[in-house]
Amino acid sequence: MENRDIRFLLNLQMLADGIRKSFPELEFYQGEDEACLEGVRFFQKGKKLDSRYVYIADVDQLKSEIPPDTRCSLILADREKISDKRNICLNRNDKGSRNACAPDPLNKEYCYQSQSNENYPDNGKLSVQDPLAEQNKCEKWNNGRNSIIRISGEAELTELFNGCQEIFRYHCSWADTLKNIVICQGSVDDLCKVSCEYFHNPVFVHDSRLNVISCPVWREGMINWQRDESTGLLITPLEELNEFKTDREYLKTLTTTKADIFSADLRGYRDIYVNIWGSYGGYEGRLVICEIDSSLEPGQLVSAEYLAEMVRFVLEKRGHMENTYKRALEVMLVGMIQGKKFSDSEIASRIEQCGWKTEDSYVCIRLDAEEQEGNPGSSAASLCNYVEARVQGSKAVSMHNRVCIIINRNLNRHYTSDIAGILRDGLFKAGFSNVFHNLTNLESCYRQASTALKYCRKKNDMMWSYTFGDIVMDYIGDLCSSEFEPEELCAYELKKLKEYDAENRTELYKTLMTYILNERNTVATASDLYVGRSTLFYRLRKIKEITGLDNEHLARPIKNLYLRLSIFLMERG
């Protein structure tokens, strides 16, 4: 932690949230409110204002003062009662309930500046007329940068100062507790327990696969996580995963780097959420604060970001995001899929953690998580975790929306039924590779599985999956047809028979095709064609007369293979 700036700094919104409990009619102009405040000071005429402090002053003190070039934070006491009560901030009573006439800054329909201004008019500035301008007092301080709290009525400056000191003490005490937990090698659970009391709401953390890392307080209405018997992890049910991966709002949240609000549309209540990003920029999970026990406050976004940073530090330090061997194994498998080379000893040492051996029997499966707006990586990662929890002897890795499942057949001979259930429940299509006996062949087997998936989609039939063996002839046929039209590749004897049949209304082409596919078995061929043996022999003599083909030609392996391939190309159209 010594190399990180772990100071907890407040913004003026947090002070507004606290002061409002004593002065519910305060008015707040947000400006360019930043989390940079270390303490509170009294305003003194002629003294330079420091952006690290919030200054308390009487409105009359500012009339003759020139605003600084840099932004500042002010709390102004106005002795005159304002009749216009158009509040800019969320009003609350002592119990935290909302005033019915006050707009909600956490509602995105209200012009509240979040981390991104593109969805808000006027670059995040409030669209109503500023109260300072209304009173023709200190208009020059309302320059679009300064953040101002204005309190009307009988507000003593000393009382305001002491109140602000108490607010700083409350927030910084919580932050100090978090730092002590981290220094004393505490857990994410310790951080969340303390923070549940601080936010007055349930707090939980999940990883990139929606496994619960910590949830010290659970309330009715939250996700009903299930305990996986094999891993002991709390996992998100598949039905919930499908809801998340198809929800547009959720998918858009997967790219945010700051705290933000998730609406109540999906769960029935709002959340403050902060994505947790790893040292190398990968999505590692999320901190969530549920609006269940009490109303969320806009200033809590800053606190949520600080808590998320403490959680990230603990996870990195304890290796919880992905423990060392698991991360190393996943990196190796992805590297092998991408064609990187690893030594036999390195492969053996990493797969040993799974109870695998290099020479075991394996199969590779490829399927895709649905592509939606935003980053689909989390959906793919969640699917990987679900597969590993449900399919014994499996290891799943994701690359964007692509999921590769490797199954050790020595540990699970009945994997097909396990995978079939996942495909059916998730409405996935899948491609299976041929069985292989050396993990060094993973790259080619992944390409086999990917090719099988491609043809599974192309056929667009009722099948959930195809093996590479099922579609290999289609693949060969497409390769053959990439430079020539199919009829240009086919044996001329077969084309000649088709032309003869068209002119004479005969079935010589069908006869030869059936004869070849029945391995030149005359009994089976006659039966398939519903003709007598004498008729069949007559047709074979006629075929020889037209094409020159007889049993001697058909017995030659290369010629026989060429005729079979030609039949395949002609029959597939």
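Two strands pair if DSSP finds at least two bridges between them. Helices (H or I, at least four residues) and strands (E, at least two) are DSSP runs, numbered from the N terminus. This is a predicted model: local features need pLDDT of at least 70, side-chain atom pairs count only at pLDDT 80 or more, and totals for chains, interfaces and linings use all residues. Residues are numbered from 1 along each chain as its sequence is written, and side-chain values use heavy atoms, with hydrogens and water left out.

**Exercise 1. The sheet**

Task: Find the order of the five strands in the open sheet, and say which strands stand at the edges.

Solution:
- Step 1. The order is β1-β5-β4-β3-β2, and the pairing is mixed.
- Step 2. Look for strands with a single partner: these are β1 (27-29) and β2 (39-42). They are the edges, so one side of each has no neighbour in the sheet.
- Step 3. Add the twist. On average, neighbouring strands are turned by 20° against each other, direction ignored. For such angles, axes are lines fitted to C-alpha atoms, for helices over the stretch in contact, and angles run from 0 to 180 degrees between N-to-C directions.

**Exercise 2. Strand β3 and its partners**

Task: Describe how β3 pairs with β4 and β2, then decide whether the residues of β3 are buried or exposed.

Solution:
- Step 1. Start with β4. Strand β3 (residues 53-58) and strand β4 (residues 73-78) are parallel, with five bridges.
- Step 2. Pick out residues. D58 has A77 of β4 as its bridge partner. Y55 is opposite L74 in β4.
- Step 3. Turn to β2. It runs parallel to β3, and four bridges join them. Here G39 is opposite Y53 of β3.
- Step 4. Check burial. Buried means under 20% relative accessible area, exposed over 50%, partly exposed in between (1.4 Å probe, protein chains only). Six of the six residues of β3 are buried, so the rest of the structure largely encloses the strand.
- Step 5. Sort the side chains. In a regular strand they alternate between the two faces of the sheet. In β3, Y53, Y55 and A57 point one way, while V54, I56 and D58 point the other way.

**Exercise 3. Helices on the sheet**

Task: Name the strands that α1 lies across and those that α3 touches.

Solution:
- Step 1. Contact means heavy atoms within 4.5 Å.
- Step 2. Helix α1 (residues 12-19) lies across β1, β3, β4 and β5 (147-152). Its angle to β5 is about 15°.
- Step 3. Helix α3 (residues 157-183) packs on the sheet and touches β2, β3, β4 and β5. The direction of α3 makes about 165° with that of β2.

**Exercise 4. One face of α4**

Task: Compare the span of α4 with the expected value, then locate its buried residues.

Solution:
- Step 1. The expected span of a helix is 1.5 Å times one less than its number of residues.
- Step 2. Helix α4 (residues 188-199) has 12 residues. From first C-alpha to last it reaches 16 Å, close to the 16 Å expected.
- Step 3. The buried residues of α4 are V188, L191, C192, S195, C196, Y198 and F199.
- Step 4. Seen down the axis, these buried residues fall within an arc of 160°, so they line one face of α4. The arc is that of the directions from the helix axis to the C-beta atoms.

**Exercise 5. Positive phi**

Task: Locate E519, R520 and H200, and give the phi of each.

Solution:
- Step 1. Recall that most residues other than glycine have a negative phi.
- Step 2. E519 lies in the loop between α16 (508-517) and α17 (522-529). Its phi is near 55°. E519 counts as exposed, at 57% relative accessibility.
- Step 3. R520 is in the loop between α16 and α17. Its phi is near 60°. R520 is partly exposed, at 32%.
- Step 4. H200 comes just after α4, with a positive phi of about 60°.

**Exercise 6. Salt bridges**

Task: How many salt bridges does the structure hold? Work through some of them.

Solution:
- Step 1. A salt bridge is a side-chain nitrogen of Lys or Arg within 4 Å of a carboxyl oxygen of Asp or Glu. The structure holds 26.
- Step 2. D17 and R20 form one, with the closest N and O atoms 3.3 Å apart. Both residues are buried.
- Step 3. E166 and R169 form another, at 2.8 Å from N to O. They are three residues apart in α3, so about one helical turn separates them.
- Step 4. A network of salt bridges links E27, D78 and R150.
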